[in-house]
Amino acid sequence: MMKDTELNRRDVLKGAGGLGAAGMIGIAGCTGDGGGGGGGATVEVLHGWTGGDGAKAAESLASAWEEAHPDITLEFKPIGGGGNTNLNTVISNRLSNNDPPASFAGWPGKNLVKYEGVLGDLTSVWEDGLKGAHVSEASELCKYNGAYRAVPIGSHRLNCLFYNTSVVEEAGVNPDDLTSASALIDALDTIKTETDKVPMAQAMKAPWTTLQLVGAVLLSTGGYDTYMKVVNGEGGKSAVREAFKTTKTILQNYINDDASSIGFTSANQKIMNGEAAFIHQGNWAAGAFRNKENFAYNEDWGFKTFPGTEGLYTLHFDSFIYPSNNPAPEAGKTWEAFVGSKKAQIAFNKYKGSIPTRTDVAKEEFGPYLSETMDDFASADNRPPTLAHGLAVVPEKLTALKGVISNEFSGPYNVDAATNKFVSTIQG
Amino acid sequence: MRRFFDRLTQARSGRSSHRSSEDDADARDAMADGQRPATDGGVPTGAGTGDGTGSDATPTDEAGALGRGLARLDDRFGEDFVESSPFWLPPFLLMGFFVYGAIAWNVLISLTDYEGFGNADYSQLDFEMYARAFGDPTVVQAAINTFVLLIAFTGICLVLGMLIAILVDRNVRFDNTLRTIYLLPMSLSFVVTAQFWLWMYDYNNGIVNQLLGVVNLGPYNFIGNPRLVLGAVVFALVWQFSGYAMVVYLAALRAIPSEHFEAAKVDGASIPRMYWRVIVPQLKGATISAAVVLMVFALKAFDFLYSLVGGYRPPNGADILATKMVREAYQNTNWAYGSAIAVLLFLMALGVIGPYLAHQYRNDNL
């Protein structure tokens, strides 16, 4: 009996030892694999497109790569959750552990400041044909410290106002007549009195939706020059106050009651269900409209440039950033050059609902709505950078601005405090 | 180590009390020949090497010094210190390195100015980050929220848990079913409970506002109103964890001999008086251990808030140190500042655990 138990205990010990050894070998094997990417045969790219349009677009991009470069294996790894929160956390960890991927998806512009010291140089790739082919804002915003650091894959438009056609018709509002913020407010008021629908759908679970609305209103009431002055921290405080005041009027009177507990998807759903008339969003919102059956552009939903921003195209870019100390420096550059090519931009954008940053892409494959957006993009007087999506302000200020919105402007709406903190944050 | 193997082999061959210098030398000799005394396989092989082969081997000075050193260690820390080391040393080193080493490193980083993706500069250490944290109103507010959450959540959980435990203990009908129902929410993950409390708190369709509407209250904007949101979060967490407090109390109540109840009854105490004077004082141990676990859960409310909004920024009015810390570290790459906030959070946790450890130590439980 005693012997039995002793043997058992020893067996357990041996088994545990064996497991431990196997585990160590396994770990050693993993790290070995991880280091093996330097041969140039594989290129590891991290991105955050895990669902819906994004996933389809990423898949299409990956298969376009396989066709173009069958000799280099693409490890296209999606990291989903919390917008891009998890993706950014993983990238932060890997960069600070000196284990960068060959490339990762992220915003260019001021957002690149965050990666100070770990950015590679893509100047050779840009000089080799990309420079002239993309709009000048794209090439400017991909530069940091005098060198190119990223290549854009596509652009979303931010100054959009989408509407449900039947709801605005029920109220007798013609969205095309709205050419100023005050006209928009009048229209919202008409909808409130004439129908039982929500005049404006808004999601406030996270502060970025309100921040981008404030940005759009600022562009509308202040104009392009003032907007640029504000985001560059060169004054314009009275214009910011005006924008907050106008936004307060909208948020206090015309949005859905449950705004604070819903996210963007649910708010967008209200347009599709016919519960709400308008929504301000980037044109990723249109992707959801397109995927809904019997919900056609110009028949069931419509688009209007955000009132007062006609002739402008507020820029948003998705790009692939190229880190230094790259595990696959050459294959990584091949990937970046591919991202900037016609083929990749068509493959990605037609599913993502964004538009190519190249100026020489034919519109046939993009459907009526995106074709119009491409026309607007090409003919825009100015293309101001988006405030809420990393292009206009450095990441730390962006986080602080979201804090200002969350603390001072998510109900109760404190115009004075929000204005002061907003301006001091940008100028700080 | 050698003596460990040596003793082990002696124990195997049933000669555990008998030990001679000859055996020592033999074992050493066997090691020198590259035959480590086998300790596996269940066959007492090691002792077999002791028969004559190495009786003339003389231990080197070095080995003698080692032996004396090990003996001194044994004298200092107890007889089995060296022999038992293969069992406690690896986990001790792993814990020391990965837990306490990591904490120490975190403290070290918080003294630097580390940000971005460069390397930390350890040459200039100061308390600048702590000064910044104490001067930052959002950190102060987050600390206050963390504290309020901790106290309110733990207090309500304990009181509620005790009341339910007393009810269940009084053999009400379906007491087993009730116990399961109360405990069940604890088995759910924060991700699930956060999502469904988000739905329940919804302004238009949420069940909470619907129920309040029946008695002509509300609707309230639980998530959007900064004065309500922390209370709403505490309520949701209490719902999830009061069952745990109940189970701990129930176990303690069942351990109280029924004579105590009877004696109180004989003395003519009313039921509330009996519980207040006789029973509740005996639940002190249960209260302390439940309180510690609940407080640790409260400090981990990060998961709940993260799932609630799907990001690192909780609704206005519910920001806690944990979320603030992650925002600073991962969104702004202010590693040093994030570490300083982490240290503050760690000190709060120590403040919770410390008195408990002291209490246990005084009662000779540690």
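A salt bridge here is a side-chain nitrogen of Lys or Arg within 4 Å of a carboxyl oxygen of Asp or Glu, and with that rule in mind the tour of this predicted model can start at the boundary between its chains A and B.

Color the two chains separately and select the interface of chain A and chain B, where the rule finds zero salt bridges. The side of chain A that touches chain B nevertheless includes nine charged residues, alongside 15 polar and seven nonpolar ones. Ten residue pairs across this interface are in polar contact, with both partners at pLDDT 80 or more.

Next, on chain A, select helix 1 (2-35), helix 3 (85-96) and helix 15 (395-408), which are the elements that give two or more residues to the side facing chain B. Widening the selection to every contact brings in 31 residues of chain A and 33 residues of chain B. The area buried between the two chains is about 2800 Å², and carbon and sulfur atoms give 46% of that area.

Now leave the interface selection and go to B:N145, which sits in helix 6 (residues 137-169) of chain B. Is B:N145 buried or exposed? B:N145 counts as buried because its relative accessibility is 6%, and the cut-off for buried is under 20%.

Show the surroundings of B:N145 and, leaving aside residues up to four places away in sequence, you will find that B:N145 touches B:L230, B:G317, B:A318, B:D319 and B:I320. For the last stop, display the backbone of B:D319, whose oxygen lies 3.0 Å from a polar atom of the B:N145 side chain.

Conventions:
Residues are numbered from 1 along each chain as its sequence is written. Chains are lettered from A and ligands numbered from 1 in the order in which they are written. This is a predicted model: local features need pLDDT of at least 70, side-chain atom pairs count only at pLDDT 80 or more; totals for chains, interfaces and linings use all residues. Side-chain values use heavy atoms; hydrogens and water are left out. Contact means heavy atoms within 4.5 Å. Buried area is the accessible area (1.4 Å probe) that two parts lose on being put together, summed over both. A polar contact is a pair of N or O atoms within 3.5 Å; within protein, one must be able to donate a hydrogen and the other to accept it, and residues adjacent in sequence count only if both atoms are side-chain atoms. Helices (H or I, at least four residues) and strands (E, at least two) are DSSP runs, numbered from the N terminus. Ala, Val, Leu, Ile, Met, Phe, Trp, Tyr, Cys and Pro count as nonpolar, Asp, Glu, Lys and Arg as charged, and the others, Gly among them, as polar. Buried means under 20% relative accessible area, exposed over 50%, partly exposed in between (1.4 Å probe, protein chains only).
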